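This report goes through selected features of one protein structure. Please look at the sequence and the structure before reading on.

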Amino acid sequence: MFMRFVQLKLDAERFAEFRKLYDERVIPVLHATPGCLYASLIQSIGEAGECISMTIWDKQESADAYEQHGTYSVLLKGITAYLAESSEWKVQLSKDLTMEYERVTEEPVVQAYQVTTPQASRNVPEENALYVRIVSPVVREGMEAEFQKIYKESILPTLRMVKGCRYVYLTKSSGEANRFLSVTIWDRKQDAEEYERSGMFDKLTEELRPTLSDLYQWKMQLDRKPQKSGTTPVDLAVAGYTVVTGKSFI
């Protein structure tokens, strides 16, 4: 399988309109696109205007064809009005030397990841999954195979046993060999929070620690100092998203 993430910065005041557009326009188009198994709009817990359109595909070639045939471009044009204005300004001088300017909307960021966990191709989320948790580790160069081995043999079976954890995916960046995402989909946000509070996340992180980058290990060392409050290291960033709307196509 193949996962595609389109990061969107939306005008928060128009989010309800955008959700309606996603339901009525985006999901039907993706449903009709060959190879697309699942589509959902997930909203950041901390920033109401930050969203991700998360799609799951049968293979990378199907996602590539979706872009190459222009379907993505057509959908993107339809949502431009809902994108937040950025702090960047496009400035030019007119013929009479007066200054003309216009705001530039934030362009969506597209990230593509190959699913590496051994799951059946039809194992995609149901429509009523409520919470998505994304952990993005940076792996030490040359340790990618070991990282994946530990994840598949230890992390994956453990997460499958955690209450409320419905789906687990380890994905590998198509562009950066040492960049991964661990994507888990939960019944409730409370289940994911309880998983963290139980200390299990820290325990599993320790198993992976020998394969993570030096920067990550250095930050872990700093975090052990009593005067420093615990923070999530940049190289193991954790983000939580509520599933606003979504649909399985199989």
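## Helix α3 and its buried side

L76 has a relative accessibility of 19% and therefore counts as buried, since the cut-off for buried is under 20%. This residue belongs to helix α3. The model is a predicted one. L76 and V26 are separated by 50 residues in sequence, and their C-alpha atoms are 9.5 Å apart in space.

Helix α3 covers residues 71-79, and Y72, L75, L76 and I79 are buried in it. These residues lie on the same side of α3, because they cover an arc of only 105° around the axis. An α-helix has 3.6 residues a turn, so residues three or four places apart point the same way.

## R4: a ring and a salt bridge

Where does R4 lie with respect to Y72? R4 lies over the face of the Y72 ring, at 4.5 Å from the ring centre. Y72 is also one of the buried residues of helix α3.

R4 also forms a salt bridge with E67, in which the closest N and O atoms are 3.0 Å apart. R4 is in strand β1 (residues 2-9) and E67 is in helix α2 (residues 60-68), so the salt bridge ties together parts that are 63 residues apart in sequence. The two partners can be described by their accessibility. R4 counts as buried because its relative accessibility is 3%. E67, at 37%, counts as partly exposed.

## Salt bridges within helices

How many salt bridges does the structure hold? There are nine salt bridges in the structure, and the pair of R4 and E67 is one of them. Two others are described here, each with both partners in one helix.

The first to consider joins E24 and K20, with 3.0 Å between the closest N and O atoms. E24 and K20 are four residues apart in helix α1, so about one helical turn separates them. E24 counts as exposed, with a relative accessibility of 54%. K20 counts as partly exposed, at 49%.

Another salt bridge is formed by the side chains of E194 and R197, at 3.2 Å from N to O. Both residues are in helix α5 (residues 189-197), three residues apart, or about one turn of the helix. E194 is partly exposed, with a relative accessible area of 43%. R197 is exposed, because its relative accessible area is 59% and the cut-off for exposed is over 50%.

## Aromatic residues of helix α1

The structure holds nine aromatic pairs. One of them is formed by F18 and Y22, with 6.4 Å from centre to centre and 50° between the planes. Why does this pair count as tilted? The angle of 50° is neither under 30 degrees, as for stacked rings, nor over 60, as for edge-to-face rings, so the pair falls among the rest, which count as tilted.

F18 and Y22 both lie in helix α1 (residues 15-31), where they are four residues apart, about one turn of the helix. Are these residues buried or exposed? F18 counts as buried, at 2% relative accessibility, and Y22 is buried too, with a relative accessible area of 2%. F18, Y22 and Y82 form one aromatic cluster. A charged side chain is found at Y82 as well: R14 lies over the face of the Y82 ring, at 4.4 Å from the ring centre.

## The hairpin of β8 and β9

Strand β8 (residues 165-173) is mostly covered, as seven of its nine residues are buried. Its pairing partner described here is strand β9 (residues 180-186), and the two strands pair in the antiparallel sense over seven bridges.

Which residue in β9 is the bridge partner of K172? The partner of K172 is F180. Together, β8 and β9 form a hairpin, with six residues between the strands.

## Cysteines

The structure holds zero disulfides. Two cysteines can be described by their accessibility. C36 counts as buried, with a relative accessibility of 6%. C51 is buried as well, with a relative accessible area of 2%.

How values were computed. Residues numbered from 1 in each chain as written. Predicted model: local features only at pLDDT ≥ 70, side-chain atom pairs only at ≥ 80, totals over all residues. Heavy atoms only, no water. Phe/Tyr/Trp six-rings, centres within 6.5 Å; stacked < 30°, edge-to-face > 60°. Buried < 20%, exposed > 50% of the residue type's maximum accessible area, 1.4 Å probe, protein only. Lys NZ or Arg CZ within 6 Å of the ring centre and 35° of its normal. Disulfide = S-S within 2.5 Å. Arc of directions from axis to C-beta. Pairing = 2+ DSSP bridges. Salt bridge = Lys/Arg side-chain N within 4 Å of Asp/Glu carboxyl O.
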